[in-house]
Amino acid sequence: MRSPLELVGAHPWQRAVFTTYSLSLSFFESAILDQLVRGGARSALILADVDGVRGALSEQGARRAGKEYNIEPIKVPTGVFHAKVTALAGEGECHVMVGSGNLTFGGWGGNFELFEHVHSASAADAIRDTSDFFDGLAEGLRARHGAQSECRDLAAVLRQTVEGVRGDGRIRLFHNLRRSILDQISELAADLGGATRLVAASPFWDGATAINSLCDSLKVDRVHVHAHPSGVVRGSFGSNWPKVSPKGKVVPVCLDHFDLSGDRRLSHAKAIEIICRKGRLIITGSANATRAALGDGGNVETSIVRIEEDRSDGWTFKPAYPLEQLDALDDDTEEEETIGILRATLEEDTLYGQILQPRLQGSAAAFLITSEGSRRLGKVQLDDASRFTVVATGLEVQILQGNRFTLRIENEHGRAEGFISFAAFTEISKRSGALASRLFALLAGTETPADVAAVMSWIYDNPNVLNRNLFGSHASAGTKSQAEDETIPVNLLGSSLAPPQPSQSAGNKNSQESWKRFVDAFLASLRERRGPFQGQIANPLGDDEDDEDEGGGTKEPARETDPWIKRSMAIFYKVFGALLTNENTQRFFWVAFDLAQYVCRRLEPEPAEVSSWLSTLVRMYDEGVVDVERRDTIAAATLLLHADDASDDGARAARLRLLRMKVAIEGACPDMGAVDGFRAALGAGADFEKQWERIRVIRTMPEQVQEFLKAIENNGPSSGYPDLPLNRDEWPTLERALEEVESREDFKVVPRGTRACPRCSYDLPREQIGNLRSKAVATAKNCCGLVLVCAEV
């Protein structure tokens, strides 16, 4: 039999929705979310009662909420949101689990729970009923929340999977958003000729109110109640055994199928069997045997009903003693009761939200909460539906980087807290698919070599996803920061119960802007100073005889490189080459630069490879990829590239590159921290301040030619061209030109890149072309002997 966790990881679900009362985010992230990610799921949503969300707010270790999945709190004014439904929708099919287990370690593993698993191919009626349940939630029936669009979309997807499929009526899902479960059960029993026997197992009861109502509705005079041999768990409400009212109506029995070995107590499993004259009904799910669950106007519940016509045999059992009455646990949560629950969605630099419990109005203060404490955002104005909006500049980037935040709104009438949903995740997931979790890991600095390999492959296959220039103007360019005490009106919010969704909120930008901001954060993460991945110790015990050296000591165990590091390197070679082709360089130069330096920091490549990458990058930097804000970075890269050449020629070459890059050489030495990854990989320990000073003082040959031309204009020699006389073939002609005006016809100033004599149009010898490029002087030796000089840097 497949477990719930196995089902979650079985397919690449496009959509996964979980409803629950209690909630453990550490369980969800470590067990369920990882299964979904490995299976390639695109989106995950948790709909949880406000009490469950309140408990989850304290789980500091859960850091992926709001990014890789969303949590929507649900407030049921008449009770609690107690439904436990898991809906998994894939390509043309869906699976639905309905049971008693909450989204916790116990609910999906440790407790004694019951789950029903139905599939669109075999239980079309139950799938349509599930669709109706989510439609009811979208309509706001008996529940307040902000996930209307998500519920509506899921309902449509579920209906599509059974479109044209005829159900057989044998499996149904009952919910009580429109009618009580008790009424629906009674109607089914009547259709099967009326009930003749009633058997129930439930950990919680409300005395005998609900079960008496069920007996009266079914017209049976008694109910056989399972008395679990190991007892039941104590709850915070109700009783563990129905009181006998009237005498004899409750008959204690021990169900054979529930009589488990060991001392496992009946914690949450609920089941009802009704034997009828023309068949039987089996009801399992979230509903306890209480009025709040089975009757009108209480909790929100879901149950699966199996209808077996023409079957008279039922569960077998033996007589038992009634369980000892246990009082409900003391509810020692006075402080928690004062904390309400809110929902909030972050779009760009603005939070849109609503307090679901309690209803607060008027002016209030907003705070961001982290594990280190709180930070005041400013004042908000709550409308009559407790909706608000508040500016949180820079929060989006911090969330992308893996930081965990919750939001608190408070005034003199109360306070509320809640998780922050990241609106841009929808667009990020749409563009990156199952890779989204790996991208978020890289942004947070928690990536593995396997994540790096996957991201590198993704970039190689889709380089344009990182091209910011394809997306138009930056959305946040004109965003103003909010003063701490600035009151923010809500007059732009709609009149519906829920706060505006990101696609409806004031000032909403195109979804491409969400992706652009994500790309900015992704590229910024590549520039962070992170250390190398750690290898694994091949022989951690050190018990091999060959490990002992001659002195009787033990050698340090050899470290085995993670095979994904080698794979990541192999993929990077392809990515680097693809990004720096002639047609791609202008678009992806800085992406290639940042990726190369990231690889240097994390994957520890060989110095020779790093030197080759750095040389390629410096060579290919031109006016087409100029970024004024990063000109200091390319200056540092140039300085590093020439660090091993202490000659004058090396200093001139470095200065010439910098001048062509339009770097202000007169300024201070560039920050070498901008190329710390390259520097560490190369093991460069040069005195860069001293090297920079040499570059500032020395003059390139084109600059010396410029000084020579000034001397010509001034009709007298100067000291600004000390190296020109070293060109023995050309200097005599140039020296005469300083003294004799008529000799100035013997040389000519030509642009950089000249390859032919400007007077005769004959091609210059290859050697002279090289001289003109490196020394800024040459001679047209194969024609008129004209001396050529170049003053262009």
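## The six-stranded sheet

In this predicted model, six strands form an open sheet with mixed pairing. Their order is E3-E2-E1-E4-E5-E6. Strand E3 (70-74) and strand E6 (115-119) occupy the edges. Each has a single partner strand, so one side of each lacks a neighbour in the sheet. From one strand to the next, the twist averages 15°.

At the E6 edge, the partner is strand E5 (residues 94-99). E5 and E6 run antiparallel and share five bridges. Within this pair, His95 stands opposite His119 of E6.

## A helix on the sheet

Helix H6 (residues 148-161) packs on this sheet. H6 touches strand E1 (15-20), strand E2 (44-49), strand E4 (85-89) and E5. The direction of H6 makes about 115° with that of E1.

## Strands E16 and E19

Strand E16 (residues 350-357) pairs with E19. The sense is antiparallel, over five bridges. Gly353 stands opposite Phe388, a residue of E19.

Strand E19 covers residues 387-391. Four of its five residues are buried, so the rest of the structure largely encloses this strand.

## Asn584 between two helices

Asn584 sits in a loop. Helix H16 (563-579) lies on one side of that loop in sequence, and helix H17 (585-603) on the other. Asn584 has a relative accessible area of 12%. The cut-off for buried is under 20%, so Asn584 counts as buried.

Leaving aside residues up to four places away in sequence, Asn584 touches Ala578, Leu579 and Phe589.

Note on methods. Residues are numbered from 1 along each chain as its sequence is written. This is a predicted model: local features need pLDDT of at least 70, side-chain atom pairs count only at pLDDT 80 or more; totals for chains, interfaces and linings use all residues. Side-chain values use heavy atoms; hydrogens and water are left out. Buried means under 20% relative accessible area, exposed over 50%, partly exposed in between (1.4 Å probe, protein chains only). Two strands pair if DSSP finds at least two bridges between them. Axes are lines fitted to C-alpha atoms, for helices over the stretch in contact, and angles run from 0 to 180 degrees between N-to-C directions. Contact means heavy atoms within 4.5 Å.
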